[in-house]
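Grab a coffee and work through these short exercises with the model open beside you. Try each task before reading its solution.

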Amino acid sequence: MHVTALDLDTLLQRKRILVCCGSGGIGKTTVSAALGLRGALQGKTVLTLTIDPAKRLANSLGLTKIGNSETLVPREKFIQAGLDPSGRLFGMMLDTKHTFDELIERYAPNEEMKRKILNNRFYQNLSSAMAGSHEYLAMEKLYQIYLQGRYDLIVLDTPPTRHALDFLEAPNRVRAFFDRSISQWFLKPYLTMGKIGLNFINRSASTVLKLVERMTGAEFLRDVSEFVTGLADAFDIFRSRAEEVMRVLQGEATSFLLVTGTDRTALEEATYFYSRLQDGRLPFGGVIVNRVHRLPTTENPGASDVGTPPLQDDDPGEAFARRLHTERGLPATVAQRLVDNYLQVLWLSRKDERVLRAFAGTFPAQVPLRTVPIFDEDVFDLTGLAKINAFLFPPT
């Protein structure tokens, strides 16, 4: 058995950035919001930032919408949920275009060039044309907020795992894109074409450019030339910023949490993602398993993270139903339905227990783990987040 209890309170006290990663559909955004709520209740100024364009975060925080600027959760929302935070909680959703525009405004050499770049068709399509641009901009935004020092804690909700891998690789991709030794092989001809023509360009590059010109026309090449000319001096800045972002992600102020469910696909992705964190030398905090089937008990919430259901009798069946009928006076059909439902939940809880034990065994060392049970209804407000936190932060 390789499981220890995940001490999330200690992480909240020691870290400034918590990055929640995992596959889609397992409540990752809700868990991220719950962590942010806990920080605010502890007196911290907290920002929960999501990269996922879904409106899940806004709903969980009790807000109608959030955008590319920080939105404060009103105090009355906490009061309505019976909470009294000594800190403040903000929500934010990344707007890729707005963030890219901010970078252009910061690094363009002058007002005229800034205007040209912002209106440039190549620039306007760059976010989809350059691999990793969306994820890089998320990292840029995170780094920008981190440097401002206005928040004691930033909780980052990442896209589903298949995109989160790009999220981790984005700084390196952008660094490579803006590496002069690579990019200028292809971009330099755009800069010089208007002056000397294609006859004097590197033969390989010339072949590519002639093909592009036939397919897109000279206007596309002019757009690229204008864009690159305007930002040529900023290439080194973009590259160095990407390197700085990676240093923060790998530093002591950051911790990565894997959020998963109990289905096979989610657990396999979590295991693979853990190996990628290790390969990238990124600090791993632990695993949060959401929506675990568990029989109701009188024990402290979350006290047993890979717990054993209290009933050991494998087949209470008909005898149990008869007792409910004779001793409690329930109609026989109602008693049988109750027993059938109970046995189904018992089977699911034992199945999840076996799955989590096998999952924990795939890690090379002890893995800090915390579970949250599946609830009867969806979590959609601060009251629901507090309910989740009863399991993420059980009484000691």
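**Exercise 1. How many disulfides does the structure hold? Work through Cys20 and Cys21.**

Solution. The structure, a predicted model, holds zero disulfides. Here's the check, step by step.

- Start with the cut-off: a disulfide needs two cysteine sulfur atoms within 2.5 Å.
- Now take Cys20: the closest cysteine sulfur to its own belongs to Cys21, and at 7.4 Å that's too far for a bond.
- Then go the other way: for Cys21 the closest cysteine sulfur is in Cys20, again 7.4 Å away and too far for a bond.
- Finally, look at exposure: Cys20 is buried, at 0% relative accessibility, and Cys21 is buried too, with a relative accessible area of 0%.

**Exercise 2. What span should helix H17 have, and which elements do its buried residues pack against?**

Solution.

- Helix H17 covers residues 332-360, which makes 29 residues.
- With 1.5 Å a residue, the expected span is 42 Å, and the end C-alpha atoms sit 42 Å apart, so the two agree.
- Next, pick out the buried residues of H17: they include Val339, Leu346, Asp352, Glu353, Leu356 and Phe359.
- As for partners, the buried residues of H17 pack against helices H15 and H16, along with strands E1, E8 and E9.

**Exercise 3. What does the protein chain look like overall in secondary structure and burial?**

Solution.

- Count the elements: you get 18 helices and nine strands.
- Then burial: 49% of the 396 residues count as buried.
- Last, the surface: the chain exposes about 19400 Å², with 51% of that supplied by carbon and sulfur atoms.

Conventions:
Residues are numbered from 1 along each chain as its sequence is written. This is a predicted model: local features need pLDDT of at least 70, side-chain atom pairs count only at pLDDT 80 or more; totals for chains, interfaces and linings use all residues. Side-chain values use heavy atoms; hydrogens and water are left out. Helices (H or I, at least four residues) and strands (E, at least two) are DSSP runs, numbered from the N terminus. Buried means under 20% relative accessible area, exposed over 50%, partly exposed in between (1.4 Å probe, protein chains only). Accessible areas come from the Shrake-Rupley method with a 1.4 Å probe; for residues, only the protein chains shown count as cover. The expected span of a helix is 1.5 Å times one less than its number of residues. Contact means heavy atoms within 4.5 Å.
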